[in-house]
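Q: Please take a close look at one part of this protein, the open sheet of three strands, and then place that part in its wider setting.

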Amino acid sequence: MPINLNTSNLATRENRIGSITGYIGSLKDLATKTECGTLKGCSRCFSQSSTCLSMCGLSQLAAIRDVAIIHHGPSGCSVTSSSSYYMSRVMAKKRGVTSSTIYVGTDMNEKDTIFGSTEALRKIILEVNKRYQPKAIFVSSSCATGIIGEDIDSIVEEVSEEIDVPVIAVHCEGFKSRIWATGFDISDHAVLQGIVKPRREGVSTNKINFKNFFESARPEIIEIFKNFDLEPTFLYCNSTVEELEHLSEALATTCICGTLGNYLGNALEEKFGVPYVRSINQCGIVGFETWLREIGKVTNRLDKVEKYIEEQRAIYLPKIEEVKKELQGLTAVLGMGPGYTFEVSRVLNELGIKVVWALAWHYDKKYENGDVPPSMKYLLDSNIDFEASVADQQNYEVMNILNKYKPDMYLSRHPGSTVWAIKNGTPAIYVADEYMIFGYKHTLEFAKTIVDTIKNRSFEKNLAARTKLPYTKWWYEQNVDKFLEEAK
């Protein structure tokens with residue numbers, strides 16, 4: 001589907017790329033149906049928990065330095081502002097820079113939802129600009145404004161004539177999509193529509209756009225790219241508006257997670273001709289080398305990449321092979337976003353660990369350019385198979401699976417589900433840092449973390465023995481396979 005930057009609204013992942021939140025089956029079935037276009041999502045009659053897409057979208061924008069976020073909605077909708085505000089300050093301090101990002105809620109009340117509050121919104125935008133002088137202003141809708149049809153686009157258009165910095169409408173109604181990763185796309189769309197400028201004539205650069213979450217490995221990435229005479233521009237954490245203006249001038253775009261960076265990468269390629277590096281991600285040895293080689297091809301630096309790979313292999317491969325001896329025959333269950341579920345599954349397979357079940361919080365049938373996600377294509381081509389499901393953080397399903405398969409470990413990128421696994425007595429690894437399995441060095445550290453986790457299980461055993469879970473013996477003794485089959 002062509003990317004349209006002439007409108008502030010963006011279709012959801014369900015409508016644009018056929019994403020789903022319900023599936024039970026095998027990896028091979030999921031991959032095969034994805035490739036031939038026959039995959040259909042299923043719905044649940046009971047949903048335990050999920051996440052609001054506005055949190056994903058606005059937290060991305062709030063990480064940009066010196067901007068203002070105006071969340072037009074009731075006060076409760078701005079609850080995520082505290083964490084976004086805190087993270088922007090912490091990450092800026094860690095980087096050694098200052099950020100004056102402002103997050104404002106318009107505090108809509110009952111009267112506003114009946115008679116509208118566009119005039120109040122206009123005054124708030126002007127006051128925020130006058131008081132804080134941000135480098136850009138993002139005006140976000142909410143469920144309440146979406147339901148009553150509040151016209152934020154007209155207000156943004158009006159005030160733009162009075163303000164000399166970009167003012168951008170962001171349609172972040174939480175109810176519009178069950179897939180919270182749609183929020184990532186919405187933030188990208190806002191940046192592309194309101195900030196990114198066309199390439200300047202005669203400009204030559206060695207920059208590469210690198211979209212990640214919190215740039216926790218920034219110094220390391222910079223040093224790696226120096227080997228190839230490339231300079232990464234990290235997005236969006238601690239980005240400046242000026243940096244974002246020139247994303248169209250980069251040699252290429254890459255990302256730490258396909259779910260996070262798919263829309264931005266494809267849009268920059270389609271609209272500005274910036275090549276998007278499409279490969280499995282940087283987790284594990286195979287992923288890291290594949291990713292580097294693809295960057296080398298796109299930027300005409302393959303010789304330098306191969307030299308770097310040869311040097312790093314000599315340092316790390318013998319160490320990784322030694323640790324792998326302690327991992328053979330172990331089993332694992334995973335629960336992560338799709339950008340990591342099928343990538344980490346691949347890494348576990350590389351380390352000799354058998355994945356017995358993998359849950360993805362959602363699943364994208366195709367990416368923006370119409371291709372099957374590279375992680376899924378790799379697993380299909382490599383003839384790797386295991387049981388899989390798509391469940392948007394449905395913890396009761398995770399607990400049933402853990403109880404039935406009793407794996408040696410559970411891995412998740414969301415701390416809530418990790419805690420429940422530990423209460424169940426299952427050793428758990430919280431893959432919080434996006435760079436936890438990045439490249440040779442961190443793959444070695446990850447393998448050692450697994451060894452430490454499986455060798456010391458006293459915490460899990462003690463906590464499980466002293467915790468009463470809401471799941472009864474009756475619940476666990478149900479026929480799980482039949483239960484899951486009926487959910488198809």
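A: The account below begins with the requested sheet and then moves outward to the rest of the chain.

The model is predicted, so local features are described at pLDDT of at least 70 and side-chain atom pairs at pLDDT 80 or more, while totals for chains, interfaces and linings use all residues. Residues are numbered from 1 along each chain as its sequence is written, and side-chain values use heavy atoms, with hydrogens and water left out.

**The three-stranded sheet**

The sheet is open, its 3 strands follow the order S7-S6-S8, and their pairing is parallel. Strands here are DSSP runs of E with at least two residues, helices are runs of H or I with at least four, and both are numbered from the N terminus. Two strands count as paired if DSSP finds at least two bridges between them. Strand S7 (231-235) and strand S8 (252-255) occupy the edges with a single partner strand each, so one side of each has no neighbour in the sheet. From one strand to the next, the twist averages 30 degrees. Such angles run from 0 to 180 degrees between N-to-C directions, with axes fitted to C-alpha atoms and, for helices, over the stretch in contact.

Strand S6 (residues 207-211) is joined to S8 by 4 bridges, in parallel, and Lys211 stands opposite Cys255 of S8. Toward S7, S6 forms 5 bridges, again in parallel, with Phe210 opposite Phe234 of S7. As a general matter, strands of a sheet pair through backbone hydrogen bonds, either parallel or antiparallel.

Helix H10 (residues 218-226) lies across S6 and S7 and runs at about 150 degrees to S7. S6, H10 and S7 together make a right-handed β-α-β unit. Right-handed means that, with the strands pointing away from the viewer, the path from the first strand over the helix to the second runs clockwise.

**Strand S7 and the loop after it**

S7 is mostly covered, with 4 of its 5 residues buried. Buried denotes under 20% relative accessible area, exposed over 50%, and partly exposed the range in between, with a 1.4 Å probe and protein chains only. The peptide bond from Leu235 to Tyr236 is cis, with omega near -15 degrees. Tyr236 belongs to the loop between S7 and helix H11 (241-245). Asn238 is placed in the loop between S7 and H11 as well; Asn238 has a positive phi of about 70 degrees although it is not a glycine. Asn238 is buried because its relative accessible area is 1%.

**The four-stranded sheet**

Another open sheet has 4 strands in the order S3-S2-S4-S5, with parallel pairing. Strand S3 (102-105) and strand S5 (167-170) are at the edges, each with a single partner strand, so one side of each is left without a neighbour in the sheet. Neighbouring strands of this sheet are turned by 20 degrees against each other on average, direction ignored. Strand S4 (residues 137-140) pairs with S5 over 4 bridges in the parallel sense, and Val139 stands opposite Ala169 in S5. Helix H6 (residues 118-132) packs on the sheet, touching S2, S3, S4 and S5, and its direction makes about 160 degrees with that of S2. Helix H9 (residues 182-194) lies across S4 and S5, at about 150 degrees to S5.

**Domains and cores**

The domain assignment, which is automatic or taken from a database, gives domain 1 (53-177) and domain 2 (319-486). Their C-alpha centres lie 36 Å apart.

A nonpolar core is a set of buried Ala, Val, Leu, Ile, Met, Phe, Trp, Tyr and Cys residues joined through side-chain atoms within 4.5 Å. The largest holds 122 residues, among which Phe138, Leu348, Leu411 and Ile450 touch the most other members. Both domain 1 and domain 2 give residues to this core, so it lies between them. A second, separate core of 17 residues includes Val128, Ile137, Val139 and Val159.

Contact means heavy atoms within 4.5 Å. Leaving aside neighbours within four places in sequence, the contacts of Leu411 include Leu348, Ile429, Val431 and Phe446. Thr145, in helix H7 (residues 143-148), is buried because its relative accessibility is 1%. With the neighbours within four places in sequence again set aside, Thr145 is in contact with His72, Met108 and Glu150.
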